[in-house]
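Let's take a walk through this protein together, stopping at a few places worth a closer look. Keep the viewer open as you read.

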Amino acid sequence: MEGGAAGAAKALGASVSPGGAVEAGEGTTARPVGLEARSREGALQGRALQTGCFCRGSGTQQSVLKGPVPQEEGLADSFSAFSEFGLQLLRQLRDYFPATNSTAVYRLELLLKCLGKLQLFQPSFEICPFETELNMDIAAALKRGNREWFDKLLNTQSPREQPGPQRLAGLVKLADTIYEDLQSCYGIYASLFHSIIKVDFFTLTFRQLERLVAEEAWVLTEELSPKMTLEVASGLFELYLTLADIQRFWSSIPGRDSRSLALAGIHAPFLPAVKLWLQVLRDQTKWRLQGAVDVDTLEPMDASSKHSSSAATASLCFSHIQELWACLAWPDPAQAQTLGTQLSQDLCEAALFYTELLRKKVDAQPGAAGEALCVVLNDVELLRKAAGQALRGLAWPEGAAGLEGTLPRPLLSCTQALDEDLQREARTVTAHLTSKMVGDVRKYVQHVSLSPDSIQNDEAVAPLLKYLDEKLALLNASLVKENLSRVLEALWELLLQAILQALGANRDVSADFYGRFHFTLEVEPHGSLSCLNSWFLAPLPLPPGTSWQLLITAQALVNFFHAEGQGLPLESLRDGSYKRLEEELRLHQCSTRECIEQYYLDKLKQRSLEHNRFGRLSVRCHYEAAEQRLAVEVLHAADLLPLDANGLSDPFVIVELGPPHLFPLVRSQRTQVKSRTLHPVYDELFYFSVPAEACRRRGACVLFTVMDHDWLSTNDFAGEAALGLGSVGGVARPQVGGSARAGQPVTLHLRRPRAQGE
């Protein structure tokens, strides 16, 4: 049997030099120095080997060694030499068994198994070569090796003799190396040591290295705090990120508590450096955005994207800021709020700075094509999404008062304000884009208005719809969905205004003229031509013999822009200017009487607006069926407008029935003038001989007009109010043979339709 260090070395793939020195075998990265067996005479003297065994080879083959004392001593020396050899290798674990070398890791496993066997044999021998438990020796060797490895790194990368700024760069590298080493310890070494020899290698190594690097960091930050510069702040910021990663690495393991670490509270001395570095980050972000816009050609990056290169750069910048904040993970809530608020404001400032750069670039190209504006619009939308996501990722801990999953109030306000600014910018670009279509839209709308009555409606509308279809097909291919909706809304409003303008320029025309525009707005698809709009579909060949005029006959502007759910929702299409246009078209097709009735209906609808602004009027009305007359009682008014120089008025009330064609023989009546008051009391009753049937007609009402009496000039208008006759007692259910009982007083709020600008 080969004994001593030579046998152990060969078992691990090493070779023995003639002088007894052990050389590293294949797969190792360094050459160990010679080892001399350390005798443990105190453990061997006076003890005799009575029984024992030592396993050689594999399988179940065993050879039992029994013999005189010299053989016992040889066996003890072999055990001692092997253990010393193994401990020496473990002290230089990172040199001989690097985690990146699978062969070396396998040999480490063999070594640990051998040491594990020795540990199992220990209680079986009365003559034991070990003074202490072997795993304790292993732990001591690992600690000693960790310290030697750290000191070597420190002297190489960050010697204490160097000035603080020079040491800082080396300490950053040292901290990075320690973090990588701890990852290797946890991912590779820890399981081997724990499963084979029951040694918690990771905890042992982490606590030792964490304490050592924390001591160096505390000393260096105290030295550099009075010498804070941008360069020093950048280095300290980078160092803190690595130290925070080390601390979080420990906390990420179940059952670990980072509060007991030496790095706990290490963030405090780094706060000034972090604040200064955030200023550097803000300037660097703007510089990077400026460079990206300068080289941007305002063209899509590739066939799969619709934004330009500068938008991708901006999105990446904001993503990096969000990742940086996550890595920073500032533990103090109050300080985190200060840092997060500043970072969010800087991010918003950078986003608006980017949109300003885009605007200047477009303004520098007065003849910028619609394609370039589409790209800019897509850039703004991508920026809005990226900035919003980054801001939401900047949330900081608010302590016990904060709600889980909600943004802190300052961050929420900042996010909402930026979104509004970017939405406004998107609308500005959209307006710029649609302004290039104003002339064409007006031209085709004018074509509809000037087409002779002999031309069919579908033929008159055909050029307009063809133009819109071609334009929207291009926009659909160039814009993202959100921007396409914006442009559709702007184009729809532009089209409605153009039609309203055409109607205003053609007042005295036939009803067919207005009917044509009504057809333009909302003709329904019919027959086999009820197909989808072509602008949101891939180009399809037309059926043989089908002309363009026939295809667009099945389309109307509402259906065209709705595009069967692919365009704008019907609710938004039929709102705002559309209602105004539809009402004007309807009125132009109505008779004179219908228009007058609509005028009075509008007065009834508006009676509840502008409460108390122009005063109130209390009245009471009922219909006396026996006498076939309407009784109207004017009670009093309050809070009227002061229309005289003395701050008062001389009000009176004119009472009349309308519309005139329903009550052609009824004359208006008026109350007495009440001098110098804003709260007149009248208590005057008026009768109007009218049939109940006329009071039930559409639009029938009592109109009260309050005037200010002037002796030397025209009376001044103070306000008006209307009361529908359909709700008056005795009108809906006439009482034949008796008088209807007077109802309760009604308070009407006066309004001044001619003074809306006041």
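At 2% relative accessibility, Phe202 counts as buried, and that makes a good place to begin. Please keep in mind that what you are looking at is a predicted model. Phe202 sits in helix α8, which covers residues 201–224. Which residues does Phe202 touch, leaving out those up to four places away in sequence? Its partners are Leu182, Cys185, Tyr186, Ala190, Phe249, Trp250, Ile253 and Arg256. Take Leu182 from that group: Phe202 and Leu182 are 20 residues apart in sequence, and their C-alpha atoms are 7.5 Å apart in space.

Now zoom out for a moment. The protein has 758 residues, and 46% of them count as buried. Its secondary structure comes to 24 helices and 10 strands. If you take the contacts in the protein with a separation of 6 or more, 74% of them are between residues 24 or more positions apart.

With so many helices to choose from, let's look at one pair. Two packed helices are described by the angle between their axes and the distance between the axes. Helix α14 spans residues 409–435 and helix α17 spans residues 481–504; their axes come within 10 Å and cross at roughly 50°. Because of that angle, α14 is oblique to α17. The crossing of the two, α14 and α17, is right-handed. Which residues meet there? From α14 come Gln423, Ala426, Thr430, Leu433 and Thr434, and from α17 come Arg486, Val487, Ala490, Leu491 and Leu494. Sorted by type, the residues of this contact between α14 and α17 are six nonpolar, three polar and one charged.

Arg486 turns up again when we move on to charged side chains. It is linked with Glu381, Arg384 and Asp419 in a network of salt bridges. Another salt bridge involves α17 as well: Glu482 pairs with Lys385, and their closest N and O atoms are 2.9 Å apart. This pair links distant parts of the chain, with Glu482 in helix α17 and Lys385 in helix α13 (residues 370–392), 97 residues apart. Are these two side chains buried or partly exposed? Glu482 is partly exposed at 30% relative accessibility, and Lys385 is partly exposed at 40%.

How many salt bridges does the whole structure hold? A search finds 25. Some of them lie within one helix, and here are two to visit. In helix α6 (residues 134–157), Arg147 and Asp151 are four residues apart, about one turn of the helix. Their side chains meet in a salt bridge with an N to O distance of 3.1 Å. Arg147 is partly exposed, with a relative accessible area of 36%, and Asp151 is partly exposed too, with 27%.

The second example is in helix α9, residues 230–251, where Asp245 and Arg248 are three residues apart and therefore separated by about one helical turn. The salt bridge between Asp245 and Arg248 brings their closest N and O atoms to 2.5 Å. Asp245 counts as partly exposed at 24% relative accessibility, and Arg248 is partly exposed with a relative accessible area of 29%.

Let's finish with the backbone in some of the loops. Most residues other than glycine have a negative phi, and most peptide bonds are trans. With that in mind, go to Ala329, in the loop between α11 (309–328) and α12 (333–363). Phi of Ala329 is near 40°, a positive value in a residue other than glycine. Ala329 is partly exposed, with a relative accessible area of 38%.

Gln628 gives you another positive phi in a residue other than glycine, this time near 50°. You will find Gln628 in the loop between β3 (616–624) and β4 (629–638). Its relative accessible area is 49%, so Gln628 counts as partly exposed.

The last stop concerns a peptide bond. What kind of peptide bond joins Gly658 and Pro659? The bond is cis, and omega is about 0°. As for where to look, Pro659 lies in the loop between β5 (651–658) and β6 (669–670).

Definitions and conventions
Residues are numbered from 1 along each chain as its sequence is written. This is a predicted model: local features need pLDDT of at least 70, side-chain atom pairs count only at pLDDT 80 or more; totals for chains, interfaces and linings use all residues. Side-chain values use heavy atoms; hydrogens and water are left out. Axes are lines fitted to C-alpha atoms, for helices over the stretch in contact, and angles run from 0 to 180 degrees between N-to-C directions. Angles under 35 degrees count as roughly parallel, over 145 as roughly antiparallel, 65 to 115 as roughly perpendicular and the rest as oblique. A crossing is left-handed if the near helix is turned anticlockwise from the far one by less than a right angle, and right-handed if clockwise. Contact means heavy atoms within 4.5 Å. Ala, Val, Leu, Ile, Met, Phe, Trp, Tyr, Cys and Pro count as nonpolar, Asp, Glu, Lys and Arg as charged, and the others, Gly among them, as polar. A salt bridge is a side-chain nitrogen of Lys or Arg within 4 Å of a carboxyl oxygen of Asp or Glu. Buried means under 20% relative accessible area, exposed over 50%, partly exposed in between (1.4 Å probe, protein chains only).
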